[in-house]
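This report describes aromatic contacts, salt bridges and one annotated domain. The sequence and the structure are shown below.

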Amino acid sequence: MRIAIAGGTGTVGRHVTEHVRAAGHDIVVLSRVNGTDVLTGEGLAGALAGADAVIDVTNLATTLSAKKSKSFFETAAHHLLAAEEQAGVGHHVVLSIVGIDDIDTSYYAGKLAQERAVSAGPVPFTIARAGQFHEFAGQILGLVSGPFAPMPRTLMRPVAAREVAAHLVRVAEAGAAGRAPDLVGPRDETLADAARRQLAFDGIRRRVIDLRLPGAYGRGLASGSLRGGADALQGEITFDEWLRSADHTRP
Ligand SMILES: NC(=O)c1ccc[n+]([C@@H]2O[C@H](COP(=O)([O-])OP(=O)(O)OC[C@H]3O[C@@H](n4cnc5c(N)ncnc54)[C@H](OP(=O)(O)O)[C@@H]3O)[C@@H](O)[C@H]2O)c1
């Protein structure tokens, strides 16, 4: 197969690229450094020529704004799906997030809008949802520097981005299914506790503040719905195993 990876240079995208290559498929990476832009549509038509499937793992810079998130994910879906339809791509796979149905606000409003755009679009699709990556604590730690590290109170079941990537490649190979089984990690974690263990492992002295965010978003993060249901597939790599692995690079 020829598989295009939108966002193939990102946190999970790098692993998707590695897995697609290891599975022996032809590969096209879509990202701005490669001259393709999902927000303007630049370069997409040429890059998608001959592609059988697209895996969309693009993302915008971390935001709590529902408006910015919706604008990014709706625009990206619109441009990708239009170019895929023209190129005759037979399968659009999009990575979304487990347990966000009742948290239609802030960043998650954009992910739900992306799911709706893909479901209503012209290309056969699969929506694959995963839990927060083990890499997520580091992504949030990187947002603020200084002695304090505020972490939104979040109850989650994080999963290694490497395992999410392998799942996405299997989903792409299987053909359009509408919805794939959810994928979460092997253990419940709170974001604050994961961040504390990561800082200790990295030998960095910062004080983690477990901060309950206000409103529906804060309630949703803390509620435990992000852990998914009993029918979710489970990754094997625990957060602590991931910390000790080569996938975790110390800052
Ligand atoms: N982080 C989590 O815990 C988690 C959990 C479950 C699902 N997800 C979902 O996984 C997806 C990927 O997240 P991530 O953390 O891997 O993202 P990331 O590390 O921020 O990577 C984002 C990727 O998108 C590309 N990109 C951004 N703007 C673009 C544009 N205008 N045109 C083309 N490419 C663009 C970036 O490449 P360039 O900058 O080179 O353009 C990069 O390859 C997101 O949709 C997110 O919702 C994340």
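Over the ring of which residue does the charged end of Lys-111 sit? That ring belongs to Phe-73, and the charged end of Lys-111 lies 4.4 Å from its centre. A charge is taken to sit over a ring if NZ of Lys or CZ of Arg is within 6 Å of the ring centre and within 35 degrees of the ring normal.

The model is predicted: local features need pLDDT of at least 70, side-chain atom pairs count only at pLDDT 80 or more, and totals for chains, interfaces and linings use all residues. Residues are numbered from 1 along each chain as its sequence is written, and side-chain values use heavy atoms, with hydrogens and water left out.

**Annotated domain**

An unreviewed UniProt entry places the feature "domain: NAD(P)-binding" at residues 7-137; UniProt positions follow the numbering used here, feature names are shortened, and annotations may be inferred rather than shown by experiment. Across residues 7-137 the chain is 40% helix and 17% strand, and the end C-alpha atoms are 20 Å apart. Helices (H or I, at least four residues) and strands (E, at least two) are DSSP runs, numbered from the N terminus.

**Aromatic pairs**

A pair of aromatic rings is described by the distance of the centres and the angle of the planes. Rings of Phe, Tyr and Trp (its six-membered ring) pair if their centres lie within 6.5 Å; planes under 30 degrees apart count as stacked, over 60 as edge-to-face and the rest as tilted. The structure holds 5 aromatic pairs. In one of them, Phe-73 and Tyr-107 meet edge-to-face, at 5.8 Å centre to centre with 75° between the planes. This pair links distant parts of the chain, with Phe-73 in helix α3 (residues 66-87) and Tyr-107 in helix α4 (residues 106-119), 34 residues apart. Phe-73 is buried at 0% relative accessible area, and Tyr-107 is also buried, at 14%. Here buried means under 20% relative accessible area, exposed over 50%, and partly exposed in between (1.4 Å probe, protein chains only).

The rings of Tyr-108 and Tyr-217 form a tilted pair, because their planes stand at 55°, with the centres 5.3 Å apart. Tyr-108 belongs to helix α4 and Tyr-217 to helix α8 (residues 215-223), so that the pair links parts of the chain 109 residues apart. Both Tyr-108 and Tyr-217 are buried. Ring pairs join Phe-72, Phe-73, Tyr-107, Tyr-108 and Tyr-217 into a cluster.

**Salt bridges**

Side chains of opposite charge can pair when their charged atoms come close. With a salt bridge defined as a side-chain nitrogen of Lys or Arg within 4 Å of a carboxyl oxygen of Asp or Glu, the whole structure contains 11. The table lists examples, with the closest N and O atoms given as a distance.

| Salt bridge | Closest N and O atoms |
|---|---|
| Arg-162 and Glu-18 | 3.0 Å |
| Asp-182 and Arg-179 | 3.3 Å |
| Arg-197 and Glu-189 | 2.8 Å |

Arg-162 lies in helix α6 (residues 161-174) and Glu-18 in helix α1 (residues 13-22), so their salt bridge ties together parts 144 residues apart in sequence. Arg-162 is partly exposed, at 26% relative accessible area, as is Glu-18, at 40%.

In the bridge between Asp-182 and Arg-179, Asp-182 is buried at 17%, whereas Arg-179 is partly exposed at 42%. Arg-197 is partly exposed at 23%, while its partner Glu-189 is buried at 9%. Salt bridges that share partners connect Glu-189, Asp-193, Arg-197 and Asp-240 into one network.
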